[in-house]
Structure formats: structure tokens, C-alpha cells
Amino acid sequence: ISNFTFHNDYNVRIIDINGELWFVAADVANALDYPSAPQMTRNLDDDEAAMHNLHIRSENGVEQSRPMT
């Protein structure tokens, strides 16, 4: 997971899935002041708006799996 700062105010998470960069829809919606990430992504193809499990390690070393759109 990487972070992208949009207009110096909004952190947008970016996930590398098999060499392709995917932006977290909720973060993009927040940065664009859009009220609903699901509504924002409704016109995307299924493979573009699919739910993915993200495996991350917390600061205390515990590995977690979190679903992300």
C-alpha cells in the first residue's frame, strides 16, 4: 500500500495488484468531495470496482486482511 497526497489535503491509498495501481474508491470520493463511493463507482466495469482483500501489517506487527473496493 502506498499513499498519494491530493492537493496537500487528502491522503489517497494506492494498492499494487499484479503490477497495476488501484486507488481506494472511498479515499478518491473523499478527496473529490463526493458523498458516496458506491455511487461514484457504479458505472465502472465489474473488474474495475471489484472488492479486493488487502493484506497489511499493523504498526504492532499483526497481519490483517481487510476488504477494499
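**View 1. Ala26 in helix 1 is partly exposed, with a relative accessible area of 45%.** Buried stands for under 20% relative accessible area, exposed for over 50% and partly exposed for what lies in between, with a 1.4 Å probe and protein chains only. The model is predicted, so local features are reported only at pLDDT of at least 70 and side-chain atom pairs only at 80 or more, while totals for chains, interfaces and linings use all residues. Residues are numbered from 1 along each chain as its sequence is written, and side-chain values use heavy atoms, with hydrogens and water left out. Ala26 belongs to helix 1, where helices (H or I, at least four residues) and strands (E, at least two) are DSSP runs numbered from the N terminus. The C-alpha atom of Ala26 is separated by 8.3 Å from that of Pro38, a residue 12 positions away along the chain.

**View 2. The whole chain serves as the frame for the close-ups, with two helices and five strands in the protein.** Followed along the sequence, these elements give the pattern β-β-β-α-α-β-β, and 19% of the 69 residues of the protein count as buried.

**View 3. Asp27 of helix 1 and Arg13 of strand 2 are joined by a salt bridge.** Asp27 sits in helix 1, which covers residues 25-31, and the term salt bridge is used for a side-chain nitrogen of Lys or Arg within 4 Å of a carboxyl oxygen of Asp or Glu. A search of the whole structure finds one such salt bridge, and the side chains that meet in the pair shown here, those of Asp27 and Arg13, do so at 2.7 Å from N to O. The pair links distant parts of the chain, given that its members are 14 residues apart. Asp27 counts as buried because its relative accessible area is 12%, whereas Arg13, with a relative accessible area of 29%, is partly exposed.

**View 4. Val24 is a buried residue of the loop between strand 3 and helix 1.** With 4% relative accessibility, Val24 falls in the buried class. A separation of 6.3 Å is computed between the C-alpha atoms of Val24 and Ile14, although these two residues are 10 positions apart along the chain.

**View 5. Asp16 of strand 2 has a side chain that reaches the backbone of Gly19.** Strand 2 spans residues 10-17 and includes Asp16, which counts as exposed because its relative accessibility is 52%. A polar atom of the Asp16 side chain lies 2.8 Å from the backbone nitrogen of Gly19. The C-alpha atom of Asp16 is separated by 8.3 Å from that of Ser2, and the two residues are 14 positions apart along the chain.

**View 6. Asp16 is also one of the residues that form a negative surface patch.** The other members of the patch are Glu20, Asp45, Asp46, Asp47 and Glu48. Patches are made of residues with over 30% relative accessible area and no salt bridge, joining like charges within 9 Å and nonpolar side chains (Val, Leu, Ile, Met, Phe, Trp, Tyr) within 5 Å.

**View 7. Asn18, in the loop between strand 2 and strand 3, has a positive phi.** The phi value of Asn18 is about 55°, although Asn18 is not a glycine. The loop that holds Asn18 leads from strand 2 to strand 3, the latter made up of residues 20-23. Asn18 counts as exposed because its relative accessibility is 79%.

**View 8. Asp33, placed between helix 1 and helix 2, is another residue with a positive phi, here near 60°.** Asp33, too, is a residue other than glycine, and its place is in the loop between helix 1 and helix 2, with helix 2 covering residues 37-40. At 68% relative accessibility, Asp33 counts as exposed.

Conventions. Accessible areas come from the Shrake-Rupley method with a 1.4 Å probe; for residues, only the protein chains shown count as cover. Lys and Arg count as positive and Asp and Glu as negative; His and the chain ends are not counted. The place of a charge is taken as NZ of Lys, CZ of Arg, CG of Asp or CD of Glu. A polar contact is a pair of N or O atoms within 3.5 Å; within protein, one must be able to donate a hydrogen and the other to accept it, and residues adjacent in sequence count only if both atoms are side-chain atoms.
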